[in-house]
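Please examine the model below, paying attention to one histidine and its surroundings, to the nonpolar cores, and to a few unusual backbone angles.

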Amino acid sequence: HRGKHYKLQHRRARINQQINKEMRMRTGAENLFRATTNNKVKETVALELSFVNSNLQLLKEELEELNSSMDVYQTDSEAVNVPMIPLGLKETKEVDVTVAIKDFICEHYGEDSFLYDKEIKELMELRQAMRTPSRNQAGLELLMEYYNQLYYLDQRFFSAQKNLGVHFHWYDSLTGVPSCQRALAFEKGSVLFNIGALYTQIGARQDRSATAGIDRAIDAFQRAAGAFNYLKENFSNAPSLDMSSPSLCMLVRLMLAQVQECVFERITLTTQDTHFTSQLRLAQEAARVSDVYLLVQQTMTQPLMKDYVPFSWVSMVQVKSEHFRALSHYYAAVALCDHMLLAGGEEEEEEAEKAFLQCHASVPAGPQLSQVLQDPEKRRKLGKAHLRRAVIRHEEAMRVHSLCKILRKMDILQDVLSVTHKRSLDKYSELDREDDFDEIAEAPEIQCEYVIPPNFSTVKVTDIFQRLGPLSVFCARARWGPMRVICLNKREGGLGLTLRGDSPVLVAGVVPGGWAEEAGLREGDYIVAVDGKDCKWAKHGEVVHMLKSCSDRGVEISVVTLHSHDTQRRAVMLSLCSDKENTRHRLLSGAKGQSSASLLNWNRKKKREGSTITKRLGSAFSLSFGSIRDTEAMY
């Protein structure tokens with residue numbers, strides 16, 4: 001199965017590339033058609049366009065067939081389970097960020113970019129690996145690791161003033177239509193989409209012949225729904241249709257319907273007794289599954305989705321809605337005809353009558369419920385009416401199934417539909433009497449979720465580019481002057497400067513006329529190295545020790561100065577932003593609790609964007625040290 005899965009993914013990638021090529025050709029031909037005034041050229045281009053459109057249609061049909069290859073993702077178990085609908089991963093082109101990041105490090109951070117070759121390579125390898133994740137927990141963790149790294153990448157290299165100029169190419173999961181954006185938000189959203197898609201594949205491959213497998217499938221589909229819902233609520237202006245609000249809404253509902261189906265399977269598996277109320281519960285649960293699939297079907301037929309969702313998906317959802325509706329009538333008939341009430345007195349009768357009434361969407365025509373339940377003949381006739389409706393629904397499910405070429409190839413689904421149809425027919429024949437001349441009463445319909453949002457804190461990550469320095473200062477949104485090297489000689493009376501804080505240590509003040517001021521050190525400078533030794537992450541005491549242990553010849557201090565923010569404003573910003581920064585680090589270090597919304601703070605709505613930038617600029621200059629008085633000292 002693993003080999004089949006990778007082969008399928010390879011074919012999807014190849015088709016996506018061909019679609020991309022054909023769409024470029026179509027764009028070129030359309031531009032030429034509009035630009036030319038030569039009729040002969042127009043005819044030639046029109047012919048070319050018809051060929052390209054024909055090729056595109058064939059490629060999209062081939063891709064739809066691949067996307068509908070549900071059997072590849074199903075379990076290897078011999079048990080007969082109704083197949084689930086999984087979602088294929090979004091494909092992406094390779095992206096080489098090496099040059100862009102190196103240029104940014106040189107220009108923005110003023111450092112030798114070759115010193116960061118190892119980090120850039122690690123980032124590139126991580127992105128390459130997440131393109132083909134394995135269908136298990138390790139694959140999910142790989143996607144989450146990359147997703148969490150994108151937070152750091154955003155802080156380090158993406159600012160409101162300057163874009164890296166890197167284009168992210170992703171293909172639509174269902175149509176293969178390519179989309180391209182420079183916004184890192186598109187990369188984040190696509191990775192999050194794939195986390196949801198991978199959960200659908202994990203859910204579909206579980207062996208649901210035992211409760212443990214059913215529980216794993218329920219959990220996976222709940223988490224898939226949670227990922228798609230999280231994406232829907234935190235991402236707007238999606239460039240591809242699969243990440244649009246109507247599509248994500250449809251996917252959430254589909255996943256919840258599959259959860260409900262698994263719940264029904266679990267109840268069927270664990271219901272050992274044959275009591276009247278137990279069978280009625282099965283009827284109600286089957287009706288609930290039918291209802292949620294009917295809701296999915298309605299979502300799939302909305303204007304935007306109608307021509308987008310694969311026909312095989314729509315057919316499968318319709319088949320399941322009919323199939324489970326048929327099962328609801330079957331179990332109602334079994335309860336009525338096979339399981340007589342126990343002699344438990346009035347209380348037992350009242351409980352049965354209550355369950356029976358709740359089970360039906362309307363009160364059956366004819367005698368009162370209590371009379372029906374106490375009269376075997378009346379029970380038989382109402383049971384027969386339910387079976388008649390069950391058989392009609394079974395036949396409708398089989399008819400819809402027969403109209404879809406892809407579903408016809410699925411032997412397991414064919415077997416399930418045939419077995420349940422025959423079971424209802426046999427039961428109907430068993431209840432049929434030669435003297436049933438009176439018209440069969442019409443049985444009423446049987447009457448009748450869960451979302452787990454993604455928890456990114458479960459995957460611990462370390463900022464790949466942490467050597468650039470603490471993110472609170474050394475980020476893309478901060479602006480400072482070039483690095484300066486200050487030579488301080490050791491003389492009597494000290495160095496003439498006041499230091500404050502940790503990682504990095506801040507020059508809080510210089511003594512007027514002192515050695516530090518004469519050497520060019522200024523209030524507000526950050527010490528980034530002492531005698532060539534990097535100390536961006538160094539604690540206050542470590543830097544002091546390095547300064548005090550210098551030789552008689554003096555010490556070289558490398559400093560940078562932040563622009564446009566005076567010391568007073570930085571002190572004000574300190575309390576505003578250190579909490580957010582610390583919260584973020586706690587999340588990525590595996591702290592318990594739900595993930596913060598800041599993980600996905602990339603909704604490109606203008607009003608929101610303005611306020612977000614202000615906060616981020618503040619956080620760029622915050623220092624997460626404790627009490628200023630405890631760490632400030634003069635040297």
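In this predicted model, H108 is buried, because its relative accessible area of 18% falls under the 20% cut-off. The residue lies in helix α4, which covers residues 98-109, and, leaving aside neighbours within four places in sequence, H108 is in contact with C475, A476, A478 and W480. With C475 there is also a polar approach, since the backbone oxygen of C475 lies 3.0 Å from a polar atom of the H108 side chain.

A476 appears again among the residues touched by F157, which, not counting residues up to four places away in sequence, are I101, F104, I105, Y109, L164, F465, L468 and A476. F157 is, together with I101, W313 and F465, one of the residues with the most contacts inside the largest nonpolar core, which has 123 residues. Helix α9 (residues 245-270) gives the most to this core, with 13 residues. Apart from it lies another core of 21 residues, among them L495, A516, A538 and V543.

Most residues other than glycine have a negative phi, and most peptide bonds are trans. Two residues listed here have a positive phi without being glycine.

| Residue | Phi | Loop | Relative accessible area |
|---|---|---|---|
| S503 | about 40° | between β4 and β5 | 13%, buried |
| D531 | near 50° | between β6 (525-530) and β7 (533-534) | 37%, partly exposed |

S503 is also joined to P504 by a cis peptide bond, with omega about -5°, and P504 has its place in the loop between β4 (497-500) and β5 (505-510).

Conventions. Residues numbered from 1 in each chain as written. Predicted model: local features only at pLDDT ≥ 70, side-chain atom pairs only at ≥ 80, totals over all residues. Heavy atoms only, no water. Helix = DSSP H or I, 4+ residues; strand = E, 2+ residues; numbered from the N terminus. Buried < 20%, exposed > 50% of the residue type's maximum accessible area, 1.4 Å probe, protein only. Polar contact = N/O pair within 3.5 Å; in protein donor to acceptor, adjacent residues only side chain to side chain. Contact = heavy atoms within 4.5 Å. Core = buried A, V, L, I, M, F, W, Y, C linked by side-chain atoms within 4.5 Å.
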